[in-house]
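Thank you for making time for this today. I would like to walk through one structure with you, taking a helix, the ligand site, the salt bridges and one backbone detail in turn.

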Amino acid sequence: MRYIGNKTRLLPFILRTLRRSGIDVGSAHDAFAGTASVSRALKENGWRVHSSDLLMSSYVLQRAYVVAESAGRNLEEQASELAGLPPREGFITRHFSPATGDTRASRMYFTPENAGRIDAAREELEGWRKAGKVGADDYYLLLAAIIEGADRVANTAGVYASYMKRWQPNAKRPFDIVPEKPIKGAQPAEAHLMDATDAAKRIGEVDLVYIDPPYNSRQYVAYYHIPEILARGWTDSAPAIRGKVGLLAGSEGRSQWSHGRRVKKLFSALLAATGARQALVSFNSEGHLAPAALQSLLAAASVDGKVSHFTQSYRRYRADSEREGRHYHRDTALEHLYLVRLR
Ligand SMILES: C[S@@+](CC[C@H](N)C(=O)[O-])C[C@H]1O[C@@H](n2cnc3c(N)ncnc32)[C@H](O)[C@@H]1O
């Protein structure tokens with residue numbers, strides 16, 4: 001899924017760094033799991049994985065891509081059945097597509113046809129869950145596939161903070177549902193819908209904690225409010241939304257880590273709370289924590305005062321969301337990893 005900070009492209013760098021540092025396969029806590037890309041790679045490589053994130057949308061991806069061990073025999077047919085349902089006028093149609101003539105519904109996130117099909121799939125899947133027609137693994141595999149399918153046809157420049165004023169080619173394509181195959185790990189995995197530090201306390205001793213927090217004031221729950229609404233659902237209670245783009249109204253999912261002044265304290269508290277022997281930290285220098293500040297708090301938490309630093313440059317493409325036509329800038333960014341021994 002398109003997600004700021006998604007580490008999919010950096011997985012070889014992360015795994016190589018662990019190998020070259022002599023860290024054997026063991027147990028890990030991916031504390032800010034996001035798309036679950038790192039958790040999934042660790043599980044594939046034999047690790048026993050715990051993952052955590054504040055967002056329900058991340059929890060759904062963790063359950064589907066890391067925790068799920070096997071899919072039911074009918075998963076593909078069930079996905080086709082959900083994708084082929086006639087459109088319904090549900091929460092997404094009413095609030096995130098220009099379908100109903102309602103003034104709020106000028107939000108052009110999805111074409112009316114796709115919005116109705118997303119609504120039908122999401123509501124039907126919830127009915128199946130309640131009726132016991134799908135088990136937990138299949139429920140999360142299908143829900144993750146609905147979230148990813150909706151993301152492919154969302155009329156945005158990548159994040160949901162705004163929508164494009166004209167339909168983009170991807171938004172005009174039909175919504176589809178393609179479930180991923182679950183990975184059978186050597187070790188079972190566990191997902192936690194909770195704050196990283198609370199999860200670290202609950203999980204206790206592990207070999208490694210991987211730390212990839214938000215490094216600027218961007219709130220993920222505001223940038224990805226529609227995946228979050230799809231993850232939470234609306235059949236039992238409709239989420240309260242507000243403002244021009246229909247952000248979630250409550251404080252649920254909002255992160256303290258996005259407040260520049262608090263990050264140092266939060267970081268040190270997480271390092272003190274974790275029962276991990278080693279910490280691997282992804283760092284991005286465009287945020288509100290200076291590299292020297294991070295290095296000194298890592299050195300303070302380290303058992304021997306040592307902090308190992310690894311870098312890799314990568315080319316990235318940035319969408320210029322200010323313009324209608326989606327212009328992309330190519331530039332080179334430096335990805336940093338720090339490794340410290342905590343005990
Ligand atoms: C940089 S992203 C992680 C990306 C992830 N490594 C990946 O590959 O997709 C940061 C994540 O931290 C989550 N987050 C923010 N504050 C959190 C907290 N206090 N506890 C746990 N997760 C948090 C956000 O919801 C977001 O998914």
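Let me begin with helix α7, which runs over residues 136–152 and has 17 residues. From its first C-alpha to its last, helix α7 reaches 24 Å, which is close to the 24 Å expected at 1.5 Å a residue. Please keep in mind throughout that what you see is a predicted model. As for the surroundings of this helix, 14 of the 17 residues of α7 are buried, so α7 is largely enclosed by the rest of the structure.

Let me turn to the ligand. Which residues are the closest to the ligand? Of the 22 residues that surround the ligand, the closest are Tyr 3, Thr 35, Ser 37, Asp 212 and Ser 255. When we sort the residues of this shell by character, we find 12 nonpolar, six polar and four charged.

Several polar contacts can be described individually. On the side of Ser 37, a polar side-chain atom lies 2.7 Å from an oxygen atom of the ligand. With Asp 195, an N or O atom of the side chain is 2.8 Å from a nitrogen atom of the ligand, whereas with Leu 54 the partner is a polar backbone atom, 3.5 Å from a nitrogen atom of the ligand. As to cover, the ligand taken alone exposes 600 Å², and the protein buries 98% of that.

I would now like to move to the salt bridges. How many salt bridges does the structure hold? The structure holds 17 salt bridges, and I will go through some of them.

In one of these, the side chains of Glu 81 and Lys 133 meet, with an N to O distance of 3.9 Å. Glu 81 lies in helix α4, residues 75–83, and Lys 133 lies in the loop between α6, residues 112–130, and α7, so this pair ties together parts that are 52 residues apart in sequence. Both ends retain some accessibility: Glu 81 is partly exposed, with a relative accessible area of 37%, and Lys 133, at 43% relative accessibility, also counts as partly exposed.

Next comes Arg 88, which takes part in a salt bridge with Glu 123, where the N to O distance is 3.5 Å. This pair links distant parts of the chain, since Glu 123 is in helix α6 and Arg 88 is in the loop between α4 and α5, residues 91–96, the two being 35 residues apart. Arg 88 also forms a salt bridge with Glu 124, and there the closest N and O atoms are 2.6 Å apart. Glu 124 is likewise in helix α6, and this pair is 36 residues apart. As for accessibility, Arg 88 counts as partly exposed at 31%, Glu 123 counts as partly exposed at 21%, and Glu 124 counts as partly exposed at 22%.

Beyond these pairs, there is a network of salt bridges that links Lys 43, Glu 69 and Lys 184.

I will finish with a backbone detail at Ala 36. This residue has a positive phi of about 70 degrees, although Ala 36 is not a glycine. Where does Ala 36 sit, and is Ala 36 buried or exposed? Ala 36 is found in the loop between β1, residues 27–30, and α2, residues 37–44, and with a relative accessible area of 1% Ala 36 is buried.

Definitions and conventions:
Residues numbered from 1 in each chain as written. Predicted model: local features only at pLDDT ≥ 70, side-chain atom pairs only at ≥ 80, totals over all residues. Heavy atoms only, no water. Helix = DSSP H or I, 4+ residues; strand = E, 2+ residues; numbered from the N terminus. Expected span 1.5 Å × (residues − 1). Buried < 20%, exposed > 50% of the residue type's maximum accessible area, 1.4 Å probe, protein only. Near = heavy atom within 4 Å. Polar contact = N/O pair within 3.5 Å; in protein donor to acceptor, adjacent residues only side chain to side chain. Areas by Shrake-Rupley, 256 points an atom, 1.4 Å probe, with all protein chains shown as cover. Nonpolar A, V, L, I, M, F, W, Y, C, P; charged D, E, K, R; others polar. Salt bridge = Lys/Arg side-chain N within 4 Å of Asp/Glu carboxyl O.
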